[in-house]
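Dear colleague,

Please find below the structure that I am handing over to you. My findings follow directly after it.

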Amino acid sequence: MTSTEAQPEGERPRRLQPFASFRYRNYRWLWAANVCFALVDASLRFSFVWLFIETLDRGPTFIGLSLALFSLPGLLVTLPAGVWADRKDRRLLLITSHVAVALALLLTVVLGLTESELVLLPTFLAGIGLAIGAPVRAALVPALVPANRLMNGNAVNALGLALGAVAGPAVAGVAINQWGVEGSFVVLAAFMGLGALFLVPLRVPPRESLPSTPESEGTRSGMWGAIGEGFGFIFSGTTVVGSLFLLLLVTALASPWLALNYVNLLNSVDTDAGMARALLGLMGAASLASLFVIASIARLRNAGGWYAAMVGAGALLTVAISSSSSVGVTALLMVPYGLVGGISGIVFLTLVQSATPITLMGRVMAMQSLVLALGAAVGGLAAAVDTEAMRHEAGVIAAGVVVVVAAVAVVVRNPGLRRMPSHPEEPVAPPAEPDSG
């Protein structure tokens, strides 16, 4: 049996199919592994910050530098990982990623490093493990669902990642209360190991080009040549992918000033921490709802234009929220902010994947991870240098203006991007699942 589990794509579609990608067996295994990854990733960020504050009694500068260190492997390892994702066994790479993170956490416990600054070493090693898997996770979705399910596959995958991210700090908090920081690291290592077990039955189809994109002509040998091939595709001037990445870079670099947290809300609306967390919870609920919305849309026309519009709207909403002094107004703004944030990321990923040959998918997804890691590193360093400056209203407004101008410039100069749909109209055969029968 060479097709996925068999629900014919030619059947008359139902009105709403938000979980259509779950009909593909191998996608379900990847989804389950990704939930474990997201849970551990979010838990680690919570656990390390808690450790630095409560155990090591460190301040914002040390925490900012440590979070930058946690993001550093994303700048160093991601591009080679993208090459490996295009040329090596993708399932084995993901299993390696999970095992590496689990071993780094267990090493921290065995060596008793949680009582000193040496804990930064396993922090760095865990970051390497996460960076190895980042481009592979995103590159596998187009290989496991047909092109006309790509937006749905990305949305459902993002929903799983969001669920893991929400559960992560809660799991870490309970584990720390019960068994201390070291015990929490053992629990997180077990979750990472569980994710590796989910990947064992995963069967990835052979690398074949997406029906909507031609295979790239020729390949370069060597690591640097392969990385250069990925850069060449993105910035060749013959694809809209370069414009999408330019806008992503601008938003990533501006994100430290546009990120919302309860400290910003405490300062702007003059409320208590509980109300600030409730406002952020409202935003998170709207973001989750947006994933159900985008997963239920069969095809999005002019998706490129919608993406640029949502990026600009998100920046303007951030400025408005930061300038608001009313809890009621802030609550009203949080809902569209969460909706825009959830949808824009899925549309970006789908547009890039639908325009990328499958043999370059890992490297292009690595570029996305690199840009996001760069934004995280800039945020950590900026917080270490001057935390108060990042919360200043003038900085937020300036960052918002830069993002809006970039979004407008991209769509004005690229009419092809503005009209680009989420996937081609012609029917698409589902990918092969070698062992599904």
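In what follows, a salt bridge is a side-chain nitrogen of Lys or Arg within 4 Å of a carboxyl oxygen of Asp or Glu. Please also bear in mind that the model is predicted.

**Overall architecture**

The chain holds 16 helices and zero strands. Of its 437 residues, 52% are buried. Among contacts with a separation of 6 or more, 85% are between residues 24 or more positions apart. The accessible surface of the chain is about 18600 Å², and carbon and sulfur atoms account for 66% of this area.

**Salt bridges**

How many salt bridges does a search of the whole structure find? The search returns two.

One of these involves Glu229 and Arg363, with 2.8 Å between the closest N and O atoms. Glu229 belongs to helix H7 (residues 223–234) and Arg363 to helix H13, so this pair ties together parts that are 134 residues apart in sequence.

Arg363 also meets Asp86 in a salt bridge, at 2.7 Å from N to O. Here the partners lie in helix H13 (residues 361–385) and helix H3 (residues 78–87), respectively, so the pair links parts that are 277 residues apart in sequence.

Are the residues of these pairs buried or exposed? Arg363 and Asp86 are both buried, and Glu229 is buried as well, with a relative accessible area of 10%. For Arg363 the relative accessibility is 5%, and this residue counts as buried because the cut-off is under 20% relative accessible area. Through shared partners, the salt bridges join Asp86, Glu229 and Arg363 into one network.

**Nonpolar surface patch**

Turning to the surface, Leu107, Val110, Leu111, Leu121 and Leu125 make a nonpolar patch of about 450 Å². Helix H4 (90–110) and helix H5 (120–144) are the elements that give two or more residues to this patch.

Leu107 has its place in helix H4. Why does Leu107 count as partly exposed? Its relative accessible area is 32%, and the class of partly exposed residues lies between the buried limit of under 20% and the exposed limit of over 50%. Leu107 can therefore belong to the patch, since patches are made of residues with over 30% relative accessible area and no salt bridge.

**In brief**

The two points I would bring to your attention are the network of Asp86, Glu229 and Arg363 and the nonpolar patch on the surface, to which helix H4 and helix H5 each give two or more residues.

With kind regards

Key: Residues are numbered from 1 along each chain as its sequence is written. This is a predicted model: local features need pLDDT of at least 70, side-chain atom pairs count only at pLDDT 80 or more; totals for chains, interfaces and linings use all residues. Side-chain values use heavy atoms; hydrogens and water are left out. Patches are made of residues with over 30% relative accessible area and no salt bridge: like charges are joined within 9 Å, nonpolar side chains (Val, Leu, Ile, Met, Phe, Trp, Tyr) within 5 Å. Accessible areas come from the Shrake-Rupley method with a 1.4 Å probe; for residues, only the protein chains shown count as cover. Helices (H or I, at least four residues) and strands (E, at least two) are DSSP runs, numbered from the N terminus. Buried means under 20% relative accessible area, exposed over 50%, partly exposed in between (1.4 Å probe, protein chains only). Contact means heavy atoms within 4.5 Å.
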